[in-house]
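Trainee: Could we walk through a protein together, one question at a time? I would like to learn how to reason from what I see.

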Amino acid sequence: MKDIYILAIESSCDETSASIIKNGKIDISTIINSQIDIHTKYGGVVPEVASRLHLENITMVIDQCLSNANMKLCDIDAFACTYAPGLLGSLLVGLESTKALSYVFKKPFIAVNHMMGHIYANMLENNLEYPLLSLIISGGHTDLILMKSEDDFEYLGQTLDDAIGEAYDKVARILSLPYPGGPNVELYAKQGKTEYAMPVILNDESYNFSFSGIKSYVNNFVHNEKQRGHEINKYDLAASFQNCVVSHLVEKTKKALINYNLKTLLISGGVASNNYIRESLRSMCESLNVNMYMPEKKYCTDNAAMIGAAAYILYKNKKFAPLSTNAKSNANI
Ligand code: KG4
Ligand code: ZN
């Protein structure tokens, strides 16, 4: 069979990325231009700034990606990009660039859901076996999805309020740690002890998650301690918070694995680059004799390689998108 080369673009938030993926598996070239340094000044992503920076960088990122691969646009079999979910202005930059390439080079256009990209980041290194449970943990999502086959997604549970990454970022801000908060909370937690009592989170029969209560609890706790003139040990507070949210994550995931009798767990999304979470889920899986797949850390946070991997599944099934496709800030897979 002929090799298929997909040029994929990701621009849903604050990373402008382009990647060439061969047969949905091999990362020929991936460029990620991160805007983190600029957004750090504002303590979070500023949507207008993000879309302007995508516009400034997109052509350069695509050019670099092609030159690293030693390929030309005419060598590409299909053009793919993230169309949802994300920041509208940011999505539009990647979407319109990709549609233009597809139109000019007369090759299929593939519109990829960003969350599907996160899941299929796992395909870049592994051959997946179904059925499996997919846990997506990112800045915008915390989803448990049952996959009976490659393109069959049944949502078992989602967060009822904030995503886990949002909670990490908010707690970082409360502790005055710089943006992006997640990796910094992890660093602090590693050096702390779980000395602070934390509330129990949504201990119910569902597979849903909740992270806004713990976020408010930490906020109120810090505020009250300051009012009383008490000093807070940031390391211990980060460790106590992390232990609490990760226990919640592990318990709900474990329940879904047992009740659906699943033998494979996939994890993905930016928060899946957290070592404590990777190890906690891995030891839970070992206790259940469940195989666990997780992407290399560079494929956990936003990147175009994962979009290329997901696009290949759509390519194989001839699920091409019309050039009238629009960006959407929200969309389930
Ligand atoms: O998947 P991603 O890059 O973008 C979204 O699709 O949302 O995830 C970004 C989120 C942010 O909330 C960031 O703080 C969090 O992932 N994150 C982490 C870690 N690395 C990134 N959270 C906890 N620990 C980490 N090491
Ligand atoms: Zn993402």
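Mentor: Gladly! Here is a definition to begin with: Ala, Val, Leu, Ile, Met, Phe, Trp, Tyr, Cys and Pro count as nonpolar, Asp, Glu, Lys and Arg as charged, and the others, Gly among them, as polar. Please keep in mind that this is a predicted model.

Trainee: How do the residues of the lining of the largest pocket divide into nonpolar, polar and charged?

Mentor: That pocket has a volume of about 1,400 Å³, and 48 residues line it. Those closest to its centre are Asp 169, Tyr 179, Ser 138, Gly 139 and Gly 165. By the definition above, Asp is charged, Tyr is nonpolar and Gly is polar. Sorting the whole lining gives 16 nonpolar, 20 polar and 12 charged.

Trainee: Which domains supply at least three residues each to the lining of the largest pocket?

Mentor: Start with the helices: H4 (114-120), H5 (164-174), H6 (181-190), H8 (234-259) and H9 (275-288) each give at least two residues to this lining. Then look at the domain bounds, which come from an automatic or database assignment. The two that each provide at least three lining residues are domain 1 (5-121 + 299-316) and domain 2 (129-294).

Trainee: Which residues are the protein donors of the zinc ion (ligand 2)?

Mentor: Look along the chain for the spacing H-x3-H-x183-D, which the donors follow. The pair His 118 and Asp 302 links distant parts of the chain, 184 residues apart: His 118 is in helix H4, and Asp 302 is in the loop between strand S10 (291-293) and helix H10 (304-316). At 2.0 to 2.1 Å from the zinc ion, the protein donors are His 114 (NE2), His 118 (NE2) and Asp 302 (OD).

Trainee: Is His 118 buried or exposed? And what about Asp 302, buried or exposed?

Mentor: The cut-off to use is a relative accessible area under 20% for buried. His 118 has 1% relative accessibility, so it counts as buried. Asp 302 has a relative accessible area of 14%, so the answer for Asp 302 is also buried.

Trainee: Which residues of strand S5 are on each side of it?

Mentor: A general point helps here: in a regular strand the side chains alternate between the two faces of the sheet. S5 covers residues 109-113, and five of its five residues are buried. Both faces are covered, with Ile 110 and Val 112 on one side, and on the other Phe 109, Ala 111 and Asn 113.

Trainee: Which residue stands opposite Asn 113 in S5?

Mentor: Look to strand S4 (residues 78-84), which runs parallel to S5 and is joined to it by five bridges. The residue of interest, opposite Asn 113, is Ala 84.

Trainee: How many residues of strand S2 are buried?

Mentor: Let us see what pairs with S2 (residues 15-22). Strand S1 (residues 5-10) pairs with S2 in the antiparallel sense over six bridges, and Ile 6 stands opposite Ile 21. Strand S3 (residues 26-34) also runs antiparallel to S2, joined by eight bridges, with Thr 16 opposite Asn 33. S2 is largely enclosed by the rest of the structure, and its buried residues number seven of the eight.

Trainee: How many residues lie between S7 and S8 in their hairpin?

Mentor: Strand S7 (residues 142-149) pairs with strand S8 (residues 152-158) over six bridges, in the antiparallel sense. Leu 144 stands opposite Gly 157 in S8. Between the two strands of this hairpin, the number of residues is two.

Trainee: What phi does Asn 23 take in the hairpin of S2 and S3?

Mentor: Most residues other than glycine have a negative phi, and most peptide bonds are trans. Asn 23 lies in the loop between S2 and S3, and at 22% relative accessibility it counts as partly exposed. Although it is not a glycine, Asn 23 has a positive phi of about 50°.

Trainee: Which residue joins Pro 180 through a cis peptide bond?

Mentor: Pro 180 is found in the loop between H5 and H6. That loop also holds Ser 176, which has a positive phi of about 60° and counts as exposed at 56% relative accessibility. The cis bond to Pro 180 has an omega of about -5°, and the partner is Tyr 179.

Methods. Residues are numbered from 1 along each chain as its sequence is written. Chains are lettered from A and ligands numbered from 1 in the order in which they are written. This is a predicted model: local features need pLDDT of at least 70, side-chain atom pairs count only at pLDDT 80 or more; totals for chains, interfaces and linings use all residues. Side-chain values use heavy atoms; hydrogens and water are left out. On a 1 Å grid over the protein atoms alone, a cavity is a set of points where a 1.4 Å probe fits but cannot get out, and a pocket is an open set with protein on both sides within 12 Å along at least five of seven lines; lining residues have an atom within 4 Å of a point. Grid points are joined across faces, edges and corners, and a volume is the space filled by probe spheres set on the points. Helices (H or I, at least four residues) and strands (E, at least two) are DSSP runs, numbered from the N terminus. Donors are N, O and S atoms within 2.8 Å of the metal (3.2 Å for Na, K and Ca); water is not among the atoms, so sites may look incomplete. Buried means under 20% relative accessible area, exposed over 50%, partly exposed in between (1.4 Å probe, protein chains only). Two strands pair if DSSP finds at least two bridges between them.
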